[in-house]
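The following paragraphs lead the reader through one protein chain, beginning with its strands and ending with its ligand. Please keep the sequence and the model in view while reading.

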Amino acid sequence: MWVLLAALSPLWSVVSVVASPAPVSIAARDAITSVLDPSSVLTLTSSEISAFEPYEQLARAAYCASDIITGWQCGEACAAIPGFEATLTGGDGDAIQLYYVGYWPSQNAVVVAHQGTDPTQLLSDLTDVDITTENLNSTLFPGVSSDVWVHSGFADEQAQTAEIILAETQSLIASKGATTVILVGHSLGGALAQLDALYMTLNLPSDIHVMSRTFGTPRVGNPAYADLIDSMVPDFTRMNNYLDPIPIVPGRFLGFQHPETEVHIVSDSSDDSDVVACPGNDDATDAQCTIMMVPNVVDADILDHLGPYPGDVYIGTIYCT
Ligand SMILES: *[C@@H]1O[C@H](CO)[C@@H](O)[C@H](O)[C@H]1NC(C)=O
């Protein structure tokens, strides 16, 4: 499938000659919080846009083989985050998506990243009207109302790695004095990051700042779930690239809803000039937001799922270079 996507992609010839980027700075991280949940569509400034780049690179690295993550030798993505120490890797890319946990010294943060999956397969799975849903496991997610339900596949996958990832995160908080935990992921990995962000919030001390940056994220649960993310994980964003269909599935008609905040790249150029933040949970009324721009999967472009995200970053198995 990846070979097919690569062959289809007009971008493929471009990405293979992109020069190594300079390490990205996240001095602008605070700037991004000003765009969380705007009251109307907000065009981001260039520094707000470039603030996403380190999280894109961390999400991209989640696709890379564990042995090159351990030494932080995954090419451009690893080079963009100098000094990062990956302390736990796992998954097999099949039954369990690859993941890693590590320490980011310049941010005094623990980072948890989950791999995504084949976007064509994911789209097919999430357009199936027979999707099964379930409540969150009350051992892992104590105190969550039974009104909350999520996609069973996402919940089951998150549960498989939840405890080992939490233990490693707690260990790094203790040994490094980390004060922030950052959950990142693209595609299926974005859904897992969103669930992990809630799980971390419920299981870590309240003085630990939990934030999450996701890319090409599908809907994970119902409106009660979305409201729970909004209240428990306010420092969350999901960035959608142009005509990517993954953010519009599973459909709202099946009872799914996104949490705040959508950040939408509204053109297919890689010059980073057109990125907006959208108000509300599932903005269906503003022309620049995903639902109006991508009303159905037929009018979408699955290749946009891979990028380019700001900084001309592509995310997927073939981009561990
Ligand atoms: C909930 O999670 C706990 C801890 O991982 C596990 O022991 C238990 O079997 C799970 N319950 C269900 C119903 O899956």
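Which residue in S7 is the bridge partner of alanine 109? The model examined here is a predicted one, and in it the partner of alanine 109 in S7 is threonine 180. This bridge belongs to the pairing of S4 with strand S7 (residues 180–186), in which the two strands run parallel and share six bridges. Alanine 109 also has a bridge partner in S3, since tryptophan 104 is paired with alanine 109 of S4. Strand S3 (residues 99–104) runs antiparallel to S4, again over six bridges. The two strands S3 and S4 make up a hairpin with four residues between them, and in its turn asparagine 108 adopts a positive phi of about 45°.

These pairings form part of a wider arrangement. The chain contains 12 helices and 11 strands, and nine strands are assembled into an open sheet of mixed pairing, in the order S1-S11-S10-S9-S8-S7-S4-S3-S2. Its edges are strand S1 (42–43) and strand S2 (85–90), each of which pairs on one side only. Elsewhere in the order, strand S8 (residues 209–215) and strand S9 (residues 236–241) run parallel and are joined by four bridges; threonine 214 has arginine 238 of S9 as its bridge partner. In general, the strands of a sheet pair through backbone hydrogen bonds, in either the parallel or the antiparallel sense.

Strand S4 (residues 109–114) merits closer attention, as six of its six residues are buried. In a regular strand, side chains alternate between the two faces of the sheet. Accordingly, Ala109, Val111 and Ala113 point one way from S4, while Val110, Val112 and His114 point the other way, and all are buried. Helix H10 (residues 188–203) lies across S4, S7, S8 and S9, and runs at about 160° to S7.

Nonpolar side chains tend to be buried together in soluble globular proteins. Here the largest nonpolar core has 87 residues, of which Ala61, Val110, Val111, Ala113 and Val184 touch the most other members. The largest share of this core, nine residues, is supplied by H10. Across the chain of 321 residues, 46% count as buried.

Where, then, does helix H5 (residues 53–61) stand, enclosed or open? Nine of the nine residues of H5 are buried, and the helix is therefore largely enclosed by the rest of the structure. The buried residues of H5 include Glu53, Glu56 and Arg60 as well as Leu58 and Ala61. Beyond its neighbours within four places in sequence, alanine 61 is in contact with Ile69, Cys74, Ala77, Cys78 and Ala113.

Glutamine 160 provides another case. This residue is located in helix H9 (residues 152–176). Glutamine 160 is classed as partly exposed because 17 other C-beta atoms lie within 10 Å, whereas a buried residue needs 20 or more. The C-alpha atoms of glutamine 160 and glycine 91 are separated by 9.7 Å, although the two residues are 69 apart along the chain. For the chain overall, among contacts between residues at least 6 apart in sequence, 69% join residues at least 24 apart.

The ligand remains to be considered. Around the ligand are Asn137, Thr139, Leu140 and Glu163. By class, this shell consists of one nonpolar, two polar and one charged residue.

Conventions
Residues are numbered from 1 along each chain as its sequence is written. This is a predicted model: local features need pLDDT of at least 70, side-chain atom pairs count only at pLDDT 80 or more; totals for chains, interfaces and linings use all residues. A residue is near a molecule or strand if its C-beta atom, placed from the backbone, lies within 6 Å of it. Ala, Val, Leu, Ile, Met, Phe, Trp, Tyr, Cys and Pro count as nonpolar, Asp, Glu, Lys and Arg as charged, and the others, Gly among them, as polar. A residue is buried if 20 or more other C-beta atoms lie within 10 Å of its own, exposed if 12 or fewer, and partly exposed in between; C-beta atoms are placed from the backbone. Two strands pair if DSSP finds at least two bridges between them. Two residues are in contact if their C-beta atoms, placed from the backbone, lie within 7 Å. Axes are lines fitted to C-alpha atoms, for helices over the stretch in contact, and angles run from 0 to 180 degrees between N-to-C directions. A nonpolar core is a set of buried Ala, Val, Leu, Ile, Met, Phe, Trp, Tyr and Cys residues joined through C-beta atoms within 7 Å.
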